[in-house]
Amino acid sequence: MIENIRSFTILLLIWSSITFSQTQNPPKLILQITVDQLRGDMPNKYLKNMGDGGFRYLMDKGVWYTNAHYGHANTETVVGHTVLATGADPSVNGMIANVWYDREKGKLVYNIEDEDYTILSANADVDKSTELDASQALATNEGRSPRNIIVTTFSDELFLKTNGKSKVFGISVKDRGSVTLAGHTGKAFWFSKSNGEFITSNYYYEKYPEWVNHWNKTKMPSKTYSGKAWELMNDKSTYMFGTEDNMPWETNVAGFGITFPHEYKTTDNKYFTNFLTYSPAGDEITLDFAKALVKSENIGKDNITDFLAISFSSTDYVGHLFGPSSLEAEDNMLRLDKTLANLFAFIDKEVGLENTLIVLSADHGGPESPGYLKSKGIDAGYVLPDKWDKAPAIETLKKKFGIGQELIQKFFPPYLYLNEKIIAEKGLSLEEVENAIAIELMKIKGVALAVSSYSLQKNELPDTYLNRKALRNFNATRSGNLLILFQPQYFINDYMGEKTSANHGGPWMYDSYVPVIFAGWKFKGQQINRRIEPKDIAITLSNLMGTKPPSGADGEVLPEIVQLKNNK
Ligand SMILES: [Zn+2]
């Protein structure tokens, strides 16, 4: 009898521990959406003319965190995407910038380039004669893989938990928007502006799945947009910026123009596919490919949770070209809203929104165009760093240390790399040189912080807003000898001659502020105003799904999300 009671108790204990460690009715699909350069206030700013199924659905039916900020200094695309994927700071996950100087290879490298792999399609590599994404154009080979991400992602942990039975995919116009979220174990597809197709590398596949070949053969992008133009969705008088289409601070890149309609031109124009990405068309194309993927790969069809990450890139390009307060940005937001509504309706039909955990965020926010701010009486401007080499302060340093032009190996914002070899050959202390340069750089107008690697490594700095952000961005192998940050509303907008209207990448609130929204599945409308970080998403998902945490994740588990684990 006692024996029986004991085994019954043990059974009960086992049973209850299973009940409480396993999520009840886990989602069949986790749909992680990233909107590139979606500052936290943007959905609300343009909400008035939005429909019901997109942002309004997320707002009314989802858990909306209204005070989420990144904690790292360099708010760039790959950096934010990797924080979302891994729940780790760039100092830990290794993705400190879109482009860094590889000291071993002696050259600038693009974040996810990998010379051990190639693209599966011919003529799909970045076309440097037309590529206007400045960091993308710096890739030195066509291969792509997640190998530079030195920790695991949530998607990896989900894959490992099920021993590979969870299907994991990432897609985006940008390679770095898809490779990051797909992690090391998933499959990534991105849009080639060279051939107008979705492509991948042989890191992921030996050959394309048949459905990808089929989608590419439909020539959806050229069939839909060749000879057409990006026109306003609604009557011009209904827009907040309806009378402000033609503003001097907008940039006319490759003839795309600064007023509506923006002509895509035809397929024989060498910028045709670039123009598609500078407009809502880029997101519409991504959505079309995502639908093909969901259907062909049977996503969300069984009881093993699948993971699909979609990164929408158009908002970023539109923000760079015209600024977030422009008629183009306003229309783009309305069309993004429509694209999201279309996606949610599709997922509802295929998987059911009650079976789908949606989480939406952004890789970074973005600044206003300085011209726009100045027109409203707020000080703002562009920084021109190309003259820095000749700044009197730097000249003094070169004389002091007896080193000429070669003192600076490379300046690729926000990092400045010194010629460590020459400094060593001269018998100088690298620490002393770094610190002397930091002091001189701080004297240059517009510089808010110049901080040396040595001072970050020794943790000798006062605990200030900027120093904390610098530290969380610091990776000893990849970061430069100096990190340079600019004062609020000031930034570099010129990369190798290419100018943009607005450029994120700074530490200030407009660049760090993003929405974090969980919707679908068991969520009910709720607004949370507590300060959180986007890096909380990965550890929250892993807690919810009962995986082990991604290897570098150190965010907080969001209680509003995981408390639903035991709800039927
Ligand atoms: Zn950007």
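Is Pro367 buried or exposed? I started with this residue in the predicted model. Pro367 counts as buried, because its relative accessibility is 2%, under the 20% cut-off.

**Entry 1: around Pro367**

I placed Pro367 in the loop between β11 and α14 (370-375). I then listed its contacts, leaving aside neighbours within four places in sequence. Pro367 touches Arg39, Pro324, Phe491, Ala502, Asn503, His504, Tyr510 and Asp511. I also took one C-alpha distance: Pro367 to Gly323 is 7.6 Å, with their positions 44 residues apart in sequence. His504 in that contact list led me to the metal.

**Entry 2: the zinc ion**

I looked up which protein atoms bind the zinc ion. The donors are Asp316 (OD), Asp316 (OD), His320 (NE2) and His504 (NE2), at 2.0 to 2.5 Å. Along the chain I read their spacing as D-x3-H-x183-H. Asp316 belongs to helix α12 (residues 314-322) and His504 to the loop between β19 (498-499) and α20 (509-512), so this pair ties together parts 188 residues apart in sequence. I checked burial for these two, and both Asp316 and His504 are buried.

I then went through the geometry. The angles subtended by the four donor atoms run from 55 to 152°, which makes the arrangement irregular. For a tetrahedral label, all angles would have to lie between 85 and 135 degrees.

**Entry 3: the sheet**

I traced an open sheet of nine strands with mixed pairing, in the order β7-β6-β5-β10-β1-β11-β20-β2-β21. The edges are β7 (198-199) and β21 (526-528); each has a single partner strand, so one side of each has no neighbour in the sheet. At the β21 edge, I found three bridges to strand β2 (residues 63-69), with the two strands parallel. There, Tyr65 has Ile528 as its bridge partner.

Next I took β1. I found seven of its seven residues buried, so the strand is largely enclosed by the rest of the structure. Both of its faces are covered. Leu29, Leu31, Ile33 and Val35 are buried on one side, and Ile30, Gln32 and Thr34 on the other. I noted two parallel pairings for β1: six bridges to β11, and seven to strand β10 (residues 306-312). Leu31 is the bridge partner of Ile358 in β11, while Ile30 stands opposite Phe307 in β10.

**Entry 4: helix α21**

I asked how many of the 10 residues of helix α21 (residues 536-545) are buried. Nine are, so the helix is largely enclosed by the rest of the structure. I listed them as Asp536, Ile537, Ala538, Ile539, Thr540, Leu541, Ser542, Leu544 and Met545. The elements covering these residues include β1 (29-35), α4 (77-86), α6 (154-161), β11 (356-361), β20 (513-520) and α22 (559-562). Just past the helix, I noted that Gly546 has a positive phi of about 70°.

**Entry 5: rings and charges**

I counted 29 aromatic pairs. I looked at one of them, Trp215 with Phe289: the ring centres are 5.3 Å apart and the planes stand at 85°, so the pair is edge-to-face. This pair links distant parts of the chain, with Trp215 in helix α8 (residues 210-217) and Phe289 in helix α11 (residues 281-296), 74 residues apart. Trp215 has 5% relative accessibility and counts as buried; Phe289, at 0%, also counts as buried.

I followed the ring pairs outward and found a cluster of Phe189, Phe191, Phe198, Tyr205, Trp211, Trp215 and Phe289. Tyr205 of this cluster also has a charge over its face: Lys187 lies 4.6 Å from the ring centre. Elsewhere I noted the charged end of Lys174 over the ring of Tyr317, 4.9 Å from the centre.

**Entry 6: Ser121**

Last, I looked up Ser121, in the loop between β4 (107-110) and α6. Its relative accessibility is 13%, so Ser121 counts as buried. Beyond its neighbours within four places in sequence, I found contacts with Asn195, Ile199 and Tyr208. The C-alpha atoms of Ser121 and Ser201 are 8.3 Å apart, and the two residues are 80 apart along the chain.

Key: Residues numbered from 1 in each chain as written. Predicted model: local features only at pLDDT ≥ 70, side-chain atom pairs only at ≥ 80, totals over all residues. Heavy atoms only, no water. Donors = N, O, S within 2.8 Å, 3.2 Å for Na, K, Ca; no water. Tetrahedral: all angles 85-135°; square planar, octahedral: opposite > 155°, others 65-115°. Helix = DSSP H or I, 4+ residues; strand = E, 2+ residues; numbered from the N terminus. Buried < 20%, exposed > 50% of the residue type's maximum accessible area, 1.4 Å probe, protein only. Phe/Tyr/Trp six-rings, centres within 6.5 Å; stacked < 30°, edge-to-face > 60°. Lys NZ or Arg CZ within 6 Å of the ring centre and 35° of its normal. Contact = heavy atoms within 4.5 Å. Pairing = 2+ DSSP bridges.
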